[in-house]
Amino acid sequence: DKKEYALSPLLSPYFEGVRKELSIFSPYFVPGKSGTAFLAQLAQRGVRVRILTNSLASNDVGIVHAGYKKYRKKLLRSGVELYELNKKLTRKQRKEKKGVGGSSKASLHTKSFVFDRKQVFIGSLNLDPRAILHNTEIGVVLKVPEIAEEMAKWFEENIEQIAFRLELKKDENGYE
């Protein structure tokens, strides 16, 4: 039975146990209704939730970005911090990347979660329905606060150079 190999039920206690801060690195981030509600609930109870994912420009799968886009407003309204990768490659980097059969875009590939700067998940799990429900994924949880702290600090120190933060803006009619 494939369900016995599912990774998400094993990670649930870590997500549910977060008290202060959750940092998510996920190239394909499509939280769905339940994931959006859960992350919004965390943020509303005072947990700092930060997510780094690909922007449309850095995403190599446009349909995934379209799936994520419909949840952005609800996440932002609840206080979740959303960052989208915006790395620009030099002409030389683009040429090198194209030369090995890849696209010319720089994109996030890391799949990692940092729980309260105490534990870190690193693995193959994207936060999207296909990965959670259908794919067989692999990963490890490291209960090493030093690594978790370093990753959280890296986020703070580097995020503005590699990504832009999404914000809600009101137009002249007061609509977001």
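In this predicted model, strand E3 is covered on both of its faces: Glu-81, Tyr-83 and Leu-85 are buried on one side, and Leu-82 and Glu-84 are buried on the other. In a regular strand, side chains point alternately to the two faces of the sheet. The strand spans residues 81-85, and 5 of its 5 residues are buried, so E3 is largely enclosed by the rest of the structure.

The neighbours of E3 in the sheet are a good place to continue. E2 and E3 run parallel and are joined by 5 bridges, with Leu-52 standing opposite Tyr-83 of E3. E3 also pairs with E7, here in the antiparallel sense and over 3 bridges. In that pairing, Leu-85 has Ala-163 of E7 opposite it.

Pairing between E3 and E7 is accompanied by a side-chain link. Arg-165 forms a salt bridge with Glu-81, and the closest N and O atoms are 4.0 Å apart. Because Arg-165 belongs to strand E7 and Glu-81 to strand E3, the pair ties together parts that are 84 residues apart in sequence. The two partners sit in contrasting surroundings: Glu-81 counts as buried at 9% relative accessibility, while Arg-165 is partly exposed, with a relative accessible area of 44%.

Strand E2 takes part in a salt bridge as well. The side chains of Arg-50 and Glu-156 meet at 3.5 Å, N to O. Arg-50 lies in strand E2 and Glu-156 in helix H7 (residues 145-162), so this pair connects parts that are 106 residues apart in sequence. Arg-50 counts as buried, at 1% relative accessibility, whereas Glu-156 is partly exposed, with a relative accessible area of 39%.

Helix H7 also holds a salt bridge between two of its own residues. Glu-150 and Lys-153 form this bridge, with their closest N and O atoms 3.9 Å apart. The two residues are 3 apart in helix H7, which means that about one helical turn separates them. Glu-150 is partly exposed, with a relative accessible area of 49%, and Lys-153 is also partly exposed, at 32%. Elsewhere, salt bridges that share partners join Glu-21, Arg-48, Arg-50, Glu-81, Arg-117, Glu-149, Glu-156 and Arg-165 into one network. The Arg-50 to Glu-156 pair and the Arg-165 to Glu-81 pair thus have their residues listed among the members of this network. Across the whole structure, a search finds 11 salt bridges.

Returning to strand E2 (residues 48-54), we come to Thr-53. Thr-53 is buried, with a relative accessible area of 1%. Its side chain nevertheless has polar company from the backbone. A polar atom of the Thr-53 side chain lies 2.7 Å from the backbone oxygen of Ser-26, and the side chain of Thr-53 also reaches the backbone oxygen of Pro-27, at 3.2 Å.

Helix H2 offers a view of how a helix is set against its surroundings. H2 has 13 residues (residues 32-44), which at 1.5 Å a residue should span 18 Å; the end C-alpha atoms are 18 Å apart, in agreement with that expectation. Its buried residues are Gly-32, Gly-35, Thr-36, Leu-39, Ala-40, Leu-42 and Ala-43. Seen down the axis of H2, these buried residues fall within an arc of 155°, so they line one face of the helix. The face turned away from this buried side carries the exposed residues Lys-33, Ser-34 and Gln-44. The cover over the buried residues of H2 includes helix H1 (8-16), strand E1 (21-25), E2 and helix H4 (72-78). After H2 comes Gly-46, which has a positive phi, near 100°.

A final point concerns Glu-167, found in the segment after strand E7 (163-165). Glu-167 is exposed, with a relative accessible area of 54%. Although Glu-167 and Lys-73 are 94 residues apart in sequence, their C-alpha atoms are 8.8 Å apart in space.

Notes:
Residues numbered from 1 in each chain as written. Predicted model: local features only at pLDDT ≥ 70, side-chain atom pairs only at ≥ 80, totals over all residues. Heavy atoms only, no water. Helix = DSSP H or I, 4+ residues; strand = E, 2+ residues; numbered from the N terminus. Buried < 20%, exposed > 50% of the residue type's maximum accessible area, 1.4 Å probe, protein only. Polar contact = N/O pair within 3.5 Å; in protein donor to acceptor, adjacent residues only side chain to side chain. Pairing = 2+ DSSP bridges. Expected span 1.5 Å × (residues − 1). Arc of directions from axis to C-beta. Contact = heavy atoms within 4.5 Å.
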